[in-house]
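Hi,

Here is the structure I promised to pass on. Have a look at it first, and my notes follow underneath.

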Amino acid sequence: MTETAPKKETILSGMQPTGALHIGNLEGALRNWVRLQDQYWMYLCIVDWHALTADYEDTSVLKDRVLQMTIDWLAAGLDPDKCALFIQSEVKEHAELHLIFSMLISIPTLTRLPTYLEKKKEGLDSYGFLGYPVLQAADICVYNAHKVPVGKDQEKHIWLAADLARRFNTVYKKVLVEPQVLLTEIPLILGSDNRKMSKSLGNHIPIDFTDKQTEKVIRGYFTDPKKVRKGDPGTPEKCPVYLLHRIYTPEAETEIAPGCRSGELGCVDCKMRLAGNLNAGLEPIRQRRAELVKRPDYVWDVLATGAARARQRAQNVMEKVRSAMKMAYREKKK
């Protein structure tokens, strides 16, 4: 990954270290990242500092979670020669720009953000969580990223990053890129209980599950409540099993939906066809994952190399930031 082609724009994205990923993460983010890695300079970070906002007391789990997440990133097809994969805390420039950005935003602005209001009700009200969006803005701007691939529900966070970059450029000098949203059509992936698939809800299908474990989860999936037995007509668009068929079953609109609507296809048969297709679709990733699990040193080396690349880019941006603020005290006059 050598930035010798200036026409390429830069993308920054990241995930909190939650350990092994599930198919919601795969279809909602990873597949898109794999597609984008040939078109952009990609900086993809595991945001371990962000994870501290909610889980600061027990950090003993972080190392394994970082390792397992990186294994899934690589198994899904991210190529470390095309994109920098790294850990946020190993590039200290994130923290430096976070501090500077903290001077450019008011407390009322942060306390009005929907995410803060929502989590505050759950008891998450620390100084670190209040500043979470500011650190997120620094994560993006420290690479002068042009685009951030997100779903529509995350647009506001990118707007805040663009606003902070604009304020910095206005107060000091134009050195920061105002990042833009790269809207991504994220397929709706529902869990076994018909809610958004989430590890915290326990309704997920981990990528590293065996075929039998996957089949067991699929058997327990919520289905159209009006389709009680085979013969009852169903509404596939309201069924999370059909939503997964649309991703993993070729020609689902003609192979699955008509039988569901007529009642000819029962839910048990429908689920077993999905389990077969889902397992077949995940097989290549699971095979690569099994090989990577045996090579943890290689995985940590990928993260170290990615951090070195990210650090170089971030240091270049921060040199311009310090110079614009007239805080590059040892910089020689040109």
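To start with a puzzle: is the crossing in which helix 8 passes helix 9 left-handed or right-handed? Helix 8 passes helix 9 in a right-handed crossing. A crossing is called right-handed if the near helix is turned clockwise from the far one by less than a right angle, and left-handed if anticlockwise.

Before the rest, some ground rules. This is a predicted model, where local features need pLDDT of at least 70 and side-chain atom pairs count only at pLDDT 80 or more, while totals for chains, interfaces and linings use all residues. Residues are numbered from 1 along each chain as its sequence is written, and side-chain values use heavy atoms, with hydrogens and water left out. Helices and strands are DSSP runs numbered from the N terminus (H or I, at least four residues, for helices; E, at least two, for strands).

**Helix pairs**

Two packed helices are described by the angle between their axes and the distance between the axes. Axes here are lines fitted to C-alpha atoms, for helices over the stretch in contact, with angles from 0 to 180 degrees between N-to-C directions. Angles under 35 degrees count as roughly parallel, over 145 as roughly antiparallel, 65 to 115 as roughly perpendicular and the rest as oblique.

Back to helix 8 and helix 9 (residues 155-171): their axes come within 9 Å and cross at roughly 70 degrees. That makes helix 8 roughly perpendicular to helix 9. P133, V134, Q136, A137, I140 and C141 of helix 8 make the contact (heavy atoms within 4.5 Å) with H157, I158, L160, A161, L164 and A165 of helix 9. By class, the residues of this contact are ten nonpolar, two polar and no charged. For the classes, Ala, Val, Leu, Ile, Met, Phe, Trp, Tyr, Cys and Pro count as nonpolar, Asp, Glu, Lys and Arg as charged, and the others, Gly among them, as polar.

Helix 8 (residues 132-141) also packs against helix 4 (residues 93-102), with axes that come within 8 Å and cross at roughly 125 degrees. The two are therefore oblique to each other, and their crossing is right-handed. On the helix 4 side you will find H94, L97, H98, F101 and S102, which meet V134, L135, A137, A138, D139 and C141 in helix 8. That contact has seven nonpolar, three polar and one charged residues.

The third pair is helix 1 (residues 23-36) with helix 3, at an angle of about 60 degrees and with axes 9 Å apart. These are oblique too, and helix 1 passes helix 3 in a right-handed crossing. L26, L30, W33 and V34 in helix 1 meet D72, W73 and A76 in helix 3. Here the split is six nonpolar, no polar and one charged.

**Cores and buried spots**

Which residues touch the most other members in the largest nonpolar core? They are I23, L30, W33, W73, L85, I205 and L244, out of 52 residues. Helix 3 gives the most to this core, with eight residues. A second, separate core of 46 residues includes L110, A138, I140 and A145. A nonpolar core means a set of buried Ala, Val, Leu, Ile, Met, Phe, Trp, Tyr and Cys residues joined through side-chain atoms within 4.5 Å. Buried is under 20% relative accessible area, exposed over 50% and partly exposed in between (1.4 Å probe, protein chains only).

Leaving aside residues up to four places away in sequence, L244 touches I23, I189, I205, I218, Y221, T249 and L274. A75 in helix 3 (residues 62-76) counts as buried at 0% relative accessibility. With the same sequence neighbours left out, A75 touches I285, R288, R289 and L292.

In helix 2 (residues 48-55), the buried residues are D48, H50, A51 and T53. Among what covers them are strand 2 (41-46), helix 3 and helix 8.

**Two positive phi values**

N144, in the loop between helix 8 and strand 4 (147-150), has phi near 50 degrees, a positive value in a residue other than glycine. N144 is buried at 8% relative accessibility. E251 also has a positive phi, near 60 degrees, and lies in the loop between helix 11 (240-248) and helix 12. E251, however, is exposed, with a relative accessible area of 55%.

Cheers
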